[in-house]
Amino acid sequence: FDYKFLGSIYKGLAMAGCWGCFDEFNRINLDVLSVAAQQVACVLQAQRERKSEFVFVDGQTVCLRPGCSYFITMNPGYAGRQELPE
């Protein structure tokens, strides 16, 4: 996966108000993982502020429907897994 692909998924879930489950998220390359964390943080910030639309990290204005949520699982400590960026 690359960050553009993940970003399109995050935006689609936000616009649809759907949930997304991302299993073993820390198997993604660290550079992609860092951008993905910023993308998720962008959506979560808009939710905290109860916005109906927000500007995503790529500059696109996105509608935010209530109910959107991301569930991310990780298995730290396994070989080949990345640590989450700060």
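User: Before we start, what counts as buried, exposed or partly exposed here?

Analyst: Buried means under 20% relative accessible area and exposed means over 50%, with partly exposed in between. Please keep in mind that this is a predicted model.

User: Okay, so where does Tyr3 fall, buried, exposed or partly exposed?

Analyst: Tyr3 has a relative accessible area of 40%, which lies between the two cut-offs, so this residue counts as partly exposed.

User: And which element is Tyr3 in, and what does it touch?

Analyst: Tyr3 lies in helix H1 and, if residues up to four places away in sequence are left out, it touches Val32, Val35 and Gln39. The C-alpha atom of Tyr3 is also 10.0 Å from that of Ile28, a residue 25 positions away along the chain.

User: How do the axes of H1 and H2 sit relative to each other?

Analyst: Helix H1 covers residues 3-16 and helix H2 covers residues 30-48, and their axes come within 9 Å and cross at roughly 20°. Because angles under 35 degrees count as roughly parallel, H1 is described as roughly parallel to H2.

User: Is that crossing left-handed or right-handed?

Analyst: The crossing of H1 with H2 is right-handed.

User: Which residues make up the contact?

Analyst: From H1 the contact takes in Tyr3, Leu6, Gly7, Tyr10 and Ala14, and from H2 it takes in Val32, Val35, Ala36, Gln39, Val40 and Val43. By class, the residues of this contact comprise 9 nonpolar and 2 polar ones, with no charged residue among them.

User: Switching to cysteines, how many disulfides are there?

Analyst: The structure has 0 disulfides. Cys68 is therefore unpaired, given that a disulfide needs two cysteine sulfur atoms within 2.5 Å, while the nearest cysteine sulfur to Cys68, that of Cys18, is 8.2 Å away.

User: Is Cys68 buried or exposed, and what about Cys63?

Analyst: Cys68 is buried, with a relative accessible area of 5%, whereas Cys63 is partly exposed at 43%.

User: Last topic, backbone: what is odd about phi at Glu24?

Analyst: Glu24 is not a glycine, yet it has a positive phi of about 50°. Glu24 is found in the loop between strand E1 (19-22) and H2, and at 21% relative accessibility it counts as partly exposed.

User: And what about phi at Arg50?

Analyst: Arg50, also not a glycine, has a positive phi of about 55°. Arg50 lies in the loop between H2 and strand E2 (53-55), and its relative accessible area of 76% makes it exposed.

Note on methods: Residues are numbered from 1 along each chain as its sequence is written. This is a predicted model: local features need pLDDT of at least 70, side-chain atom pairs count only at pLDDT 80 or more; totals for chains, interfaces and linings use all residues. Side-chain values use heavy atoms; hydrogens and water are left out. Buried means under 20% relative accessible area, exposed over 50%, partly exposed in between (1.4 Å probe, protein chains only). Axes are lines fitted to C-alpha atoms, for helices over the stretch in contact, and angles run from 0 to 180 degrees between N-to-C directions. Helices (H or I, at least four residues) and strands (E, at least two) are DSSP runs, numbered from the N terminus. Angles under 35 degrees count as roughly parallel, over 145 as roughly antiparallel, 65 to 115 as roughly perpendicular and the rest as oblique. A crossing is left-handed if the near helix is turned anticlockwise from the far one by less than a right angle, and right-handed if clockwise. Contact means heavy atoms within 4.5 Å. Ala, Val, Leu, Ile, Met, Phe, Trp, Tyr, Cys and Pro count as nonpolar, Asp, Glu, Lys and Arg as charged, and the others, Gly among them, as polar.
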